[in-house]
Amino acid sequence: MANGVMTQTQYIPYLAEKGLKSWILTTDHKRIGILYLITISFFFMIAGLTALGMRYELMTPELDFFRTATEYNIAFTLHGSLMVFFFIVPGIAASFGNFLIPLMIGARDVAFPRINLLSFWIYLVGTAILLSALAQPADTGWTFYTPYSIQTGTKVIMITLGVFVLGFSSILTGMNFIVTIHKLRAPGMTWSRLPLFIWASYATAILQLLATPVVGITLLLLIAERAFDIGFFDPAKGGDPILFQNFFWFYSHPAVYIMVIPAFGIISEIIPVFARKPIFGYKAIAYSSFAIAIISFFVWLHHMFVSGISETAAAIFSFLTMLVAIPTAVKVFNWTATLYKGSIDFHSSMLYALSFIVLFTVGGLTGVYLGALAVDVHLHDTYFIVAHMHYVMIGGTVMGFFGALHFWYQKWFGKVFNELIAKIAWFLIFVGFNVTFFPQFFMGFQGMPRRYATYPEEYISYHALSTYGSWILGLGILIMTVNLLIPLWKKGRPESSNPYGSLSLEWQVPSPPPHENFDEIPTVTDWTYAYGKK
Amino acid sequence: MSTHDHTEEHHTGLRVYAAVCLALFVLTAVTVYVAKFDFGDFNIVVAMVIASIKASIVALYFMHLKFEDKLTWIYALYPLFLLSLLIGFTLMETFTRVPVIK
């Protein structure tokens, strides 16, 4: 699809330079992507282990694993905060976004490589603040709702300060990607030829740039209220506790799409390659990312239906929430239409992509349940919500993340993993995930509230099943991790730089790519998804 | 951007900067002066109008928005739209609450 791409076998790969300095001062987007990948994976593991601890506690109705209910509260606060702010928000956008965006558009790097490194260091400062907060962790849940977050005796300021600092990393990354996509596209890489991952990254970057400041300010107000007793949210001081929720969800609902839109982009890349067909409805998929990004700002009150908000506002937002299902369904229908009559190769990354379609659809449709005002009143703060959000976040984003890891692994690291073990790990993850979270829909429907360390006897079978599932899921992730780590210490390179026959630009350079990606900037002459024409 | 250098050279000379600076001082004085009067519920409106004019001329001249292309304008104005959403819907929610305890 392009002229001028690198074909030689003798070159210096970007991983060639050794030493700590070459990493901590690197401005190479691929290396910065790896730095993010390592950090987010670390937090994913920590947060995952916390989840396993919580599930172990919930095996029995009594409090037995944690010493006090507060310890359990701290565990789910840590799990939620780490997973949301330190893994899944920066997750795909910062790691794969960094690695792929310049390669996919035919650029040597992002528009501002030093700001890119600064973003990572700000992210690290945020994580350092958070880690220091772990000595006396908060028990508020990841949403830091007032008035509890103002009244609790646990340390709230440090963890919120960590999240506040992280926001700047997100804003700078978003700004960098927007400028990169506008200014550094190779000749011929028109908007209508752009890979869909780039469209998705662009929509995500807009959200990162424009929504993140709101949560920053909100957390700053919370800190000001705790530290200086200023009455923003406390009614006794003239504040309004629901104001916090309004501000928080104004960011945090769009943030759900910061988490999942990059995964949409990944699925749009994997499916046409392994179905050997042009993507169906290219423009519809591209524009629907933007539609989601825009609509996401109109729905935040659906998180607050039972918070005491006005019925008029609740009814309006229940209606508005339904709108977001339209562009999301557009994507799902287009992916399935791409699969139709395709010559499907069940590569491990394709298995994750197919799992994404199934699990995200379950997560999305249960979201429509919860968007319906009357149903939400019954299901709010039950395990139904827990199941729904995990079907979206693990079934959606994490499946996309795992799919991307397997799909671009050879390109990124220049190594080959064991495909059979990858498929076994996928099977365990898929089964384990469903055994963990599907029963939670039922217990939520029957009234089991979330965020409780103890519960009545009648829920024991659901909880036990869910805990067994978490062990299968954990085993699957462990096997996957080992399978992806072992080849990194082995010598040798992949036989082909483009083993899956992708037409996208990043596959036209060697694996791993050279330091500045391209010998000369390529000229793009065809659509990224022109499978079947060649 | 090449056009940026060009426009900066031709449109934002020292005179323009000085005029903008003077306007900001004058508007600050106006802010202080009108604070002496009580407009009732419109106190906040008056203060915000003057502040918005000041912010606008800073954005237009000091930050060169006046000479930028359409895309930059979109990125400058879209957050204002989002801000209006945040304030508008939050106020709508607050004002339509039915008090449970009277």
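# Close-up views of chains A and B

**A:Pro147 sits in the loop of chain A that joins α5 (113–133) to α6 (148–151).** The model shown here, as in every view below, is predicted. The peptide bond that leads from A:Thr146 into A:Pro147 is cis, and its omega is near 0°. Most peptide bonds are trans, and most residues other than glycine have a negative phi. A:Phe144 also belongs to the loop between α5 and α6 of chain A. Although A:Phe144 is not a glycine, its phi is positive, at about 50°. Is A:Phe144 buried or exposed? A:Phe144 counts as buried because 23 C-beta neighbours lie inside 10 Å, and the cut-off for a buried residue is 20 or more.

**A second cis peptide bond joins A:Ser511 to A:Pro512.** The omega of this bond is near -10°. A:Pro512 is placed in the loop of chain A between α17 (460–485) and β2 (523–524). The loop between α17 and β2 also holds A:Asn517. A:Asn517 is a residue other than glycine, yet its phi has a positive value, near 70°. A:Asn517 is buried, because 23 other C-beta atoms are found within 10 Å.

**Helix α4 of chain A, residues 91–105, contains a kink centred on A:Gly97.** The kink amounts to about 50°. What span should the 15 residues of α4 have at 1.5 Å a residue? The expected span is 21 Å, and the C-alpha atoms at the ends of α4 are 21 Å apart, so the two values agree. The helix α4(A) is mostly covered, as 15 of its 15 residues are buried. After α4(A) comes A:Gly106, which has a positive phi, near 80°.

**Helices α9 and α10 of chain A pack with their axes 11 Å apart.** Two packed helices are described by the distance between their axes and the angle between those axes. For α9 (residues 241–275) and α10 (residues 282–295), the angle is about 175°. Because angles over 145 degrees count as roughly antiparallel, α9(A) and α10(A) are roughly antiparallel to each other. From α9(A), the contact is made by A:Tyr257, A:Ile261, A:Phe264 and A:Ser268. From α10(A), the residues that make the contact are A:Ile285, A:Ser289, A:Ile292 and A:Ala293. An α-helix has 3.6 residues a turn, so residues three or four places apart point the same way. By class, the contact of α9(A) with α10(A) consists of six nonpolar and two polar residues, with no charged residues.

**Chain A meets chain B through eleven residues of chain A and eleven residues of chain B.** Which helices of chain A each supply at least two residues of the side that touches chain B? They are α8 (196–228), α9 and α11 (311–323). The most is given by α11(A), with three residues. On the side of chain A that touches chain B, seven residues are nonpolar, three are polar and one is charged.

**Chain B has four helices and zero strands.** Read from the N terminus on, the order of its elements is α-α-α-α. Chain B has 102 residues, of which 4% count as buried.

Technical notes. Residues are numbered from 1 along each chain as its sequence is written. Chains are lettered from A and ligands numbered from 1 in the order in which they are written. This is a predicted model: local features need pLDDT of at least 70, side-chain atom pairs count only at pLDDT 80 or more; totals for chains, interfaces and linings use all residues. A residue is buried if 20 or more other C-beta atoms lie within 10 Å of its own, exposed if 12 or fewer, and partly exposed in between; C-beta atoms are placed from the backbone. Axes are lines fitted to C-alpha atoms, for helices over the stretch in contact, and angles run from 0 to 180 degrees between N-to-C directions. Angles under 35 degrees count as roughly parallel, over 145 as roughly antiparallel, 65 to 115 as roughly perpendicular and the rest as oblique. Two residues are in contact if their C-beta atoms, placed from the backbone, lie within 7 Å. Ala, Val, Leu, Ile, Met, Phe, Trp, Tyr, Cys and Pro count as nonpolar, Asp, Glu, Lys and Arg as charged, and the others, Gly among them, as polar. The expected span of a helix is 1.5 Å times one less than its number of residues. The bend at a residue is the angle between axes fitted to the seven residues ending there and the seven starting there.
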